[in-house]
Amino acid sequence: MKLRVKVDHETYSALKELEGEYREVLEEAINYGLSNKTTSFIRIKAGIYKTEREKYKDLPSHFIYTACEDASERLDSFEKLKKRGRAYTEKPSVRRVTIHLDDHLWRFSLDTISISTKRSRVLISPTFPKIFWRYYNKGWSIASEARFRLMKGNVVEFYVIFKRDVKPYEPEAFIPVDLNEDSVSVLVDGKPMLLETNTKRITLGYEYRREAITTGKPTKDREVRGKLKRLRERDKKVDVRRKLAKLIVIEAFESMSAIVLEDLPGRTPEHMKDVKDKQLRLRIYRAAFSSMKNAIIEKAREFGVPVILVNPSYTSSTCPIHGAKIVYRPDGGDAPRVGVCGKGKEKWHRDVVALYNLARRAGDVSPVPLGSKESHDPPTLSGWLRAKSLHSIMNEHKMIEMKV
Ligand SMILES: [Zn+2]
């Protein structure tokens, strides 16, 4: 968030002098990175710290650190531009300087912000805009790193960063989540449900459309490229992921639960043998499993919801009640995804078995219902994208069932 502060001439000149030296250190750091072919902050700092420290004796030493960090960021983004063919200069040019500050170089209070300079600390007194108070009063805290830059007319633009620090709580219950190619299943309040994501179907569908567009035409063709771009495959998948992660995390947050996920392997699992193309198989795996898992973990972190990763082996082939093997017969039974427990002979849906086993492995000791309808025929829900919560989806489903 940007705070604009008008300062007196003396303060401005102290900051201006600081800016000059910071710029020189920054340029040295960039040159060092370029000639040593590195963008690493640690390597740049190790390379220039001593000489710069001697050159600028009264510059607080942490400015050398932050300038090295600044250089490392600039070199990184320059590399990226170069890779995309968008860099028009030989090296990153330092035109505007925004001075980076770490926790040693500035202090925040609601009256004044103090900044270290060459000789002493200077004080600036910003007036805070409404939006500042909105964050400040809602439990967000100010990060220890900040930046400022000097504008014309003795104006300082000071950037503070708000961050939310939420501590994970001690979970009182568990919400296991089982990821699949075309659906994600969850156990909410002990009730299983399957949310259709159609990730595999969507990915395959796009693959056919992509093929139809590119067959017999060079992929560099402008028209072809435009058509491919308009497919928006990624956007659609990201949208589904984000919404699903949010629904699950909010449910966990409100019931003080931990989310339980399979600690999935980095390689694609064997059961996707039906997709012959290796690239395509990987794309499906990433979208349905790795990226989905990461989206949930990231959202959970934002809300302070604990995530427990458990061993994924045999989660859908062992009975959570009898510990016996569940036999899935593709020919017999209602569906190949429904199996029969070798000991109790009760029926199980593959994804529901996985949910109970995941919860068990995370330490859940609550009883597993035996032979319930939901265990082998869980509600499968498709229109959840616009739902406000998992509970509202469940209630809606119940209403429909009652009407039937
Ligand atoms: Zn059993």
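Student: Let's start small: does D189 count as buried or exposed, going by its C-beta neighbours inside 10 Å?
Tutor: Keep in mind that this is a predicted model. D189 is found in the loop between β11 (183-188) and β12 (191-196). A residue needs 20 or more other C-beta atoms within 10 Å to be buried, and 12 or fewer to be exposed. D189 has 12 such neighbours inside 10 Å, so this residue counts as exposed.

Student: What is the phi of D189 near?
Tutor: Here's some background: most residues other than glycine have a negative phi. D189 isn't glycine, yet its phi is positive, near 55°.

Student: And Y314, where is its place, and what is its phi near?
Tutor: Y314 is exposed, because 12 other C-beta atoms lie within 10 Å. Look for Y314 in the loop between β14 (307-310) and β15 (326-327). Y314 is a residue other than glycine with a positive phi, near 60°.

Student: How many of the nine residues of helix α6 are buried?
Tutor: Find α6 at residues 222-230; just after this helix comes R232, with a positive phi near 50°. Helix α6 lies largely in the open, because the number of its residues that are buried is zero.

Student: What is the strand order in the open sheet of four strands?
Tutor: Start from the edges, where each strand pairs on one side only: these are β1 (2-6) and β2 (99-101). Inside the sheet, β7 (residues 146-151) and β8 (residues 155-159) pair in the antiparallel sense over five bridges. With antiparallel pairing, the order is β1-β8-β7-β2.

Student: Which residue in β8 does F148 stand opposite?
Tutor: Strands β7 and β8 are paired in the antiparallel sense, and F148 falls within the 146-151 stretch of β7. Its opposite number in β8 is F158.

Student: Zooming out, what separation lies between the centres of domain 1 and domain 2?
Tutor: The chain is divided into domain 1 (2-163) and domain 2 (173-403). Taken over C-alpha atoms, their centres are separated by 45 Å.

Student: What is the radius of gyration of the protein chain?
Tutor: This chain has eleven helices and 18 strands. For 404 residues the globule rule gives 22 Å, and the chain is well over that, so it is more spread out than a compact globule. Its C-alpha atoms fill a box of roughly 85 × 55 × 40 Å along the principal axes. The radius of gyration is 28 Å.

Student: What percentage of the 404 residues is buried?
Tutor: Use the cut-off of 20 or more other C-beta atoms within 10 Å. For the protein chain, buried residues make up 30%.

How values were computed:
Residues numbered from 1 in each chain as written. Predicted model: local features only at pLDDT ≥ 70, side-chain atom pairs only at ≥ 80, totals over all residues. Pairing = 2+ DSSP bridges. Helix = DSSP H or I, 4+ residues; strand = E, 2+ residues; numbered from the N terminus. Domains from an automatic or database assignment. Rg over C-alpha atoms; globule rule 2.2 N^0.38 Å.
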